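Q: I am new to this protein and would like a careful look at one part of its interior. Please start there, and then follow the surroundings step by step.
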Amino acid sequence: MIPIPQYPLYTATLAHLDARAVPYYLQEENDWQLSISDLERALSEARAAGTDVRALAVINPGNPTGGCLLESNIAEIVRFCERERLVLLADEVYQTNIYTGTNPFVSFKKVVSQLGSSVELFSLHSISKGMVGECGRRGGYYEAVNIDDEIMAQLLKLASVSLCPNVQGQMAVDVMVNPPKPGDVSYAQYQSEISDIYESMKRRAKKLAAAFNSLPGMTCNEAQGAMYLFPRIQFPQQFVDEAKAQGKEPDSVYCMQMLEATGISVVPGSGFGQVPGTFHFRSTFLPPEHLFDAFIDGFEHFHNKFMARYSPKI
């Protein structure tokens, strides 16, 4: 079971393995929380169609949505997986990218432990997000909870026949899970650099969401976590009709026009999946802070000109 919108490598990997993705929809109107009733609907329909559903994937904090699940929602998901005998895959690689006090990051392992649940859980983490690697370094790990010993033996066998990960990646993982402590020579510098990066990303997330929400035909949930915003656009019908006549998705055409006009690259929502009849795009807030105002100005100029071109003339 895969969230929609989703990180596309999940469905790509399933296709490569000749497996079947079972989509379920995140609730945009509820800050991208999961609906247990929609999970039950998706599971029931898939089983009725003959699909042997084995696992539920959850991305928290979310890519591309920027949402962060409430602890109560996580508990509902754990109970759902336990009840339906589904393995729970918790993609938690953005766990240090949290920008709100209302939705703090809570790990699935913590909730599983608190509930005394027997659900089978794989938790994923990475140096490539957060403030340590920022996408430029590659390294990570997964933790297996309540997994049968024979399965663990097979996983160890698979890992043993693989090549060793790069040395820089291993070093960065060690720094992430065992950071400098008070009294260490590097502690003050580490804390300063981590704090500076984090506070800058928090400011940029807030500024970009405000900019999107100020534009005509656009709404955007605040970034609670991760590195992304996923605004929704209400396109003029004339533009939708033109794109469809060309056999293209309207959000893809919009994003390509933006790239050609401004050099700003965003990803159309159709690449991640979205509720039919809605249109989105994913934007990061990673441009350097000293260039951020110019980035927003370029986007606003393009969007306003675009909307004026396709809006009905009075």
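What is the volume of the largest cavity?

A: This is a predicted model, in which local features need pLDDT of at least 70 and side-chain atom pairs count only at pLDDT 80 or more, while totals for chains, interfaces and linings use all residues. Residues are numbered from 1 along each chain as its sequence is written, and side-chain values use heavy atoms, leaving out hydrogens and water.

The largest cavity (points on a 1 Å grid where a 1.4 Å probe fits but cannot get out) has a volume of about 100 Å³, taken as the space filled by probe spheres set on the points. The count comes to 1 cavity of 30 Å³ or more. Its lining consists of 15 residues (each with an atom within 4 Å of a point), and those closest to the centre of the cavity are Leu-26, Trp-32, Ile-59, Gly-62 and Thr-65. Strand S2 (23-27) and strand S4 (55-59) are the elements that give two or more residues to this lining, strands being DSSP runs of at least two residues and helices of at least four. By class, 10 of the lining residues are nonpolar and 5 are polar, with no charged residues among them; Gly counts as polar here.

The nonpolar cores (buried nonpolar residues joined through side-chain atoms within 4.5 Å; buried means under 20% relative accessible area) come next. The largest has 40 residues, and Tyr-254, Phe-281, Phe-285 and Phe-299 have the most contacts inside it. Helices H7, H8 (237-245), H9 (250-262) and H10, together with strand S9, each supply at least two residues of this core, and H10 gives its largest share, 8 residues. Apart from this core lies another, of 33 residues, including Leu-34, Leu-39, Cys-81 and Leu-88.

Leaving aside residues up to four places away in sequence, Phe-299 touches (heavy atoms within 4.5 Å) Phe-212, Leu-215, Met-218, Tyr-254, Met-258, Ile-264 and Phe-281. Phe-212 is also one of the buried residues of helix H7, a list that includes Tyr-190, Met-201, Arg-204 and Leu-208. Helix H7 (residues 187-213) has 27 residues and reaches 39 Å from its first C-alpha to its last, close to the 39 Å expected. What covers its buried residues includes helix H6 (167-177), strand S12 (281-284) and helix H10 (292-310).

Helix H6 holds Val-173, which is buried, with a relative accessible area of 16%. Val-173 lies 6.3 Å from Gly-139, C-alpha to C-alpha, although the two are 34 residues apart in sequence.

Methods: Expected span 1.5 Å × (residues − 1). Buried < 20%, exposed > 50% of the residue type's maximum accessible area, 1.4 Å probe, protein only. 1 Å grid on protein atoms, 1.4 Å probe; cavity = no way out; pocket = protein on both sides within 12 Å on 5 of 7 lines; lining within 4 Å.
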